[in-house]
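Hi everyone, thanks for coming. I'd like to walk you through one structure, so please have a look at the sequence and the coordinates before I start.

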Amino acid sequence: MRVGGMSIVFAFLTVFLIVPLVAVFSEAFARGFDAFSSAIHDADARAAVRLTLITAALAVPANALFGIAAGWAIAKFEFPGKALLTTLIDLPFAVSPVVSGLVLVLLFGRRGWIGPWLSAHGLQIIFSVPGIVLATTFVSFPFVAREVIPMLEASGNAEEEAARVLGAGGLQTFFRVTLPNIKWGVLYGVILCNARAMGEFGAVSVVSGHIRGITNTLPLHVEVLYNEYHIQAAFAVASLLAGLAIITLILKAIVERRVHDRPRPIAERVPEPQLWASKSEA
Amino acid sequence: MKPMVRSRRSATLPGFRVTMTFTLVYLCAIVLVPLATLPAGALALGWKPLVTALSDSRVLASYRLTFGASFAAACVNAVFGLLIAWVLVRYDFPGRKIVDGLIDLPFALPTAVAGITLTTLYGPNGWLGRPLDQLGIRVAFTPVGITVALVFIGLPFVVRTLQPVLADLDVDVEEAATTLGASRRDVIVRVILPYLYPAWLTGFALAFARAIGEYGSVVFISGNMPMRTEISSLLIITRLEQYDYAGATAVALVMLIVSFVLLLTINAVRGWSARRVAI
């Protein structure tokens, strides 16, 4: 049973995870290194890299700041509607990416609710960079908050209160006591948030308008190249994103260990009984 | 559970008002106001255009395909996800940590990359598509291909919800059952599986919900033929490109409602299992 089960699992994982990952890089270098290099140094590709970096540089810090602020308000204080607020923060995960893009078009589009008013004042959101940033911020919204909130709830208020009693100011308490406790959680959320922000396709695709060199992010540039039958170039650009995914997985694994090893309140530091001693044939 | 000595809303901790204000303003600006346009738009339209838009045979075909393929993919993930979680939790083998980290690849890999890769792999000249073609199985540009893409992106959900639950499952309980004369099959069917049901169902529902809304990994491999391989997400974009806001709103509203119902179900299952474990 053990050997059979493991063979099935490995066969499944090979076909569904390893073969696709190998294929991305194999296709990217299918015509040699020069073809790969020229595809990623192409002007449109560079513009796509730049836009992707700008978008992530705006969306990720904003969502990180939000996550920390929401964590403080939700975990450290008691107020009515707390459960509802926590649920609402998770909402973007329940919404399909295309629907996330659609609601922005309904709001800011040429025939949208406030789009006409905004464009009369010279502000274009849809088919331009602000729309891409908004869509990206929407889809990567909950990542930091959902790491920070449970962490702050678990750590309680005692340490912060002690710092206050000892005369620390509000910000001092936060930076010296709270932030060191949650920094790995914040980092973990930021890594996931960044991966989603740089890789988002559906929502950004709806609001971007696919203007080459201007509103194409990396995933959109991959799509354009692929649909124009520049298969190798599409995979060359895609391999950059696949590399990002691998880096994300490695960082995630490293930080995950830190998150689990973080010092916990003394009451929780009692050693847990070993639940099952051997991992042998069960 | 948690010690009750903690003084909540303590006067000593500052910053409630400023963080709460920022939280609410940001949440409204980024998420709630944009999302509200969908039900508001539907209300402004009234019932008739909505019903007309939804009774279109192309829309109905897209729902059948989207929900059908998502359900099939979630079932595949439920079976293999359980197996994978079991192997990862119970067995030790070289490279276990790498395999464990790799499970999250579908979360980390941008969907467009997954989409073009799967399409190339399963295409007529692909590594997997060619041998399958010789067996008479066409994957790319058929509902089978859509399901394959949805299996890929849904895989981590079942594994990740089952892993912690399996790790908590006490081997003593199994041993006790065995000592009392239960066969291995009895132990699995009557001890292990009942214990896993809530997490299993949660993982299934998460994979299903994700699959329904998926776009990037599917749109390349599906071929996008109206009535046959056109998923609902793509139909929304098509309607939008035709400036048919009413049509797009109607298709999206149904998907949004289904996602919310699934989310509420998942929360209910979680609450139920938390109570069950507490007993």
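**Confidence, fold and contacts**

Let's begin with confidence: in chain A, mean pLDDT (the predictor's confidence in each residue, from 0 to 100) is lowest among the elements for helix H9 (residues 158-165), at 90, and highest for helix H7 (residues 129-139), at 97. Helices here are DSSP runs of H or I with at least four residues, strands are runs of E with at least two, and both are numbered from the N terminus. The weak spot is residues 264-282 of chain A, where the pLDDT is below 50, although this stretch still has 15 contacts in the model beyond near neighbours in sequence. By contact I mean two residues whose C-beta atoms, placed from the backbone, lie within 7 Å. Over the whole of chain A the mean pLDDT is 89, with 92% of residues at 70 or more.

A word on the ground rules. This is a predicted model, where local features need pLDDT of at least 70 and side-chain atom pairs count only at pLDDT 80 or more, while totals for chains, interfaces and linings use all residues. Residues are numbered from 1 along each chain as its sequence is written, and chains are lettered from A and ligands numbered from 1 in the order in which they are written.

Now the fold. Chain A has 13 helices and zero strands, and its C-alpha trace spans about 65 × 60 × 30 Å along the principal axes. Of the contacts in chain A with a separation of 6 or more, 75% join residues 24 or more positions apart.

Which helix pair shall we zoom in on? I picked helix H3 (residues 43-76) of chain A and H7(A), whose axes come within 9 Å and cross at roughly 45°. Axes are lines fitted to C-alpha atoms, for helices over the stretch in contact, with angles from 0 to 180 degrees between N-to-C directions. Among the residues that meet are A:Leu51 and A:Ala59 from H3(A), and A:Ile132 and A:Thr136 from H7(A). By class, this contact has seven nonpolar, four polar and no charged residues. Asp, Glu, Lys and Arg count as charged, Ala, Val, Leu, Ile, Met, Phe, Trp, Tyr, Cys and Pro as nonpolar, and the others, Gly among them, as polar.

Last, the partner chain. How many residues does each chain bring to the contact? Chain A gives 75 and chain B gives 78. On the chain A side, the largest share, 15 residues, comes from helix H1 (residues 2-28). That side divides into 55 nonpolar, nine polar and 11 charged residues.
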